[in-house]
Amino acid sequence: MNTGVRSIPLGRVCGIPVGAHWSTLVAVIVIGQVVAVSVLPREAPGQSSAVYWTAGVLAALAFMASLLCHELAHALTANRLGVGVRRIDLWLLGGVSQLSSSPATPRIEFLISVAGPGTSALIGALAFGTGTALAAWGAPAVVVSPVVWLAVANGVLAVFNLVPAAPLDGGRVLAAAVWWRTGDERRGAKAAAFAGRAFGTLLVAFGLMQVFAGLLTGLWLVLMGVYLTVSSSAEQSAGETRHRLGTLLVRDVMVPDPQIAPGWWTVQAFLHDLASGPHSRVFPVVAFDGAAVGVVSLAELVGVREPLNTRIADACRALPDVPTAAPDEPLLDVLGRTPLGQRRGVVLVVRDGHVEGLVGPQDVAWALELARAVPLGRHEVTS
Ligand SMILES: [Zn+2]
């Protein structure tokens, strides 16, 4: 899941921020309901529904915790192999670890990918052992059965994630294998994305068949299938973007020396001045000594209520709330940590506190379009 979506912070585990999107709650309720209404009355008959629901919700929470362990395994392996991890989020259809860079070799990609399903399989085996031991000690079925359910659920999680289709872990394993065989990272990504679309479509078809047969659980498969289809394509185009923008630096795409808004001017004076200038819509704001102050857009200036009495410095979005970048920073790094990656906002390019340029989503789009035809950037390593 890409993270235009806001998630509620849950804290940090081993230094990695962990969050949960509100839809995680839906997952807990749906899973809890399946355990409380379908599994337990069959496996452990004769209990009140309060008991079933308590056990069901506890089982669902334990499942979410094991999902978090799955993601942490990816994240900690990545960290150990020198790939940064930005954050982990749980949501309706599972968990997502966001890496801050892409793995440099197929071996690293492979190891990060298998760590998750491996951990799920391990948790499944541990839960199965615990369930068996509890049963042997004569624990009541209403205790044993959720533990066994947790074991099976983790086993299914491990197997499902190993299906060789992007964006599942198995898709990354497939990508790593093709990359390793051919030496071509993009071919690996292409194969995994193709498999992702095929598998997603298959899940949608299968889910719809279930829905038409009156089984509402098919909706889950449809949802999962749509998610896989959409995000495998998105992942592939993100990979293409990475490839095309490869070695570009911020200064290759920025608008250099943009029209400046003097922070000490009134909004009114500046708007008057604009009428006869170039047609800029976003302006870096600077202080009298030339230091960068922030950014203001034409719409924001026009929306000011008392333009005669308001200084631009008081009407602008001020640093540090505006994302900044250095001119020599790789563009991909900036896309990774600013809203530019989500095709929003502007980034102020600053060197030693002074404005050197401005990058907006349209500048990145420009670079992407031009890079189809000509190699961009002057920074290829030529050794
Ligand atoms: Zn995984």
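**Close-up views of a two-domain predicted model**

**View 1. Four stretches carry a membrane label in the record.** UniProt, in an unreviewed entry, places the feature "transmembrane region" at residues 20-40, 52-73, 108-127 and 201-228. Keep in mind that everything shown here is a predicted model. Zoom in on residues 20-40 and you get a span that is 86% helix and 5% strand. The C-alpha atoms at the ends of residues 20-40 sit 27 Å apart. Residues 108-127 are 100% helix and 0% strand, and for that span the end C-alpha atoms are 29 Å apart.

**View 2. The chain is split into domain 1 and domain 2.** The domain assignment gives residues 8-245 to domain 1 and residues 250-371 to domain 2. If you go from the C-alpha centre of domain 1 to that of domain 2, you cover 41 Å.

**View 3. Here is where domain 1 meets domain 2.** On the domain 1 side, 5 residues make contact, and they touch 8 residues of domain 2. As a bit of background, the size of an interface is often given as the accessible area lost when the parts come together. For this pair of domains, about 610 Å² is buried between them, with 72% of that on carbon and sulfur atoms. Helix α7 (residues 218-245) supplies the largest share of the domain 1 side, with 4 residues. By type, the residues on that side of domain 1 come out as 1 nonpolar, 1 polar and 3 charged. How many salt bridges link domain 1 and domain 2? The count is 0. Residue pairs in polar contact across this interface also number 0, where both residues must have pLDDT 80 or more.

**View 4. A cis peptide bond sits between alanine 166 and proline 167.** Omega for this bond is about 0 degrees. To find the spot, follow α4 (141-161) out into the loop that leads to α5 (169-182): proline 167 lies in that loop.

**View 5. Leucine 319 and proline 320 are joined by a cis peptide bond too.** This time omega is about 5 degrees. Look for proline 320 in the loop between two strands, β9 (317-318) and β10 (324-325).

**View 6. Aspartate 257 has a positive phi.** The angle is about 45 degrees, although aspartate 257 is not a glycine. Where should you look for aspartate 257? Head for the loop between β5 (255-256) and β6 (261-262).

Technical notes. Residues numbered from 1 in each chain as written. Predicted model: local features only at pLDDT ≥ 70, side-chain atom pairs only at ≥ 80, totals over all residues. Heavy atoms only, no water. UniProt positions renumbered as here; feature names shortened; annotations may be inferred. Domains from an automatic or database assignment. Contact = heavy atoms within 4.5 Å. Buried area = accessible area lost by both parts, 1.4 Å probe. Salt bridge = Lys/Arg side-chain N within 4 Å of Asp/Glu carboxyl O. Polar contact = N/O pair within 3.5 Å; in protein donor to acceptor, adjacent residues only side chain to side chain. Nonpolar A, V, L, I, M, F, W, Y, C, P; charged D, E, K, R; others polar.
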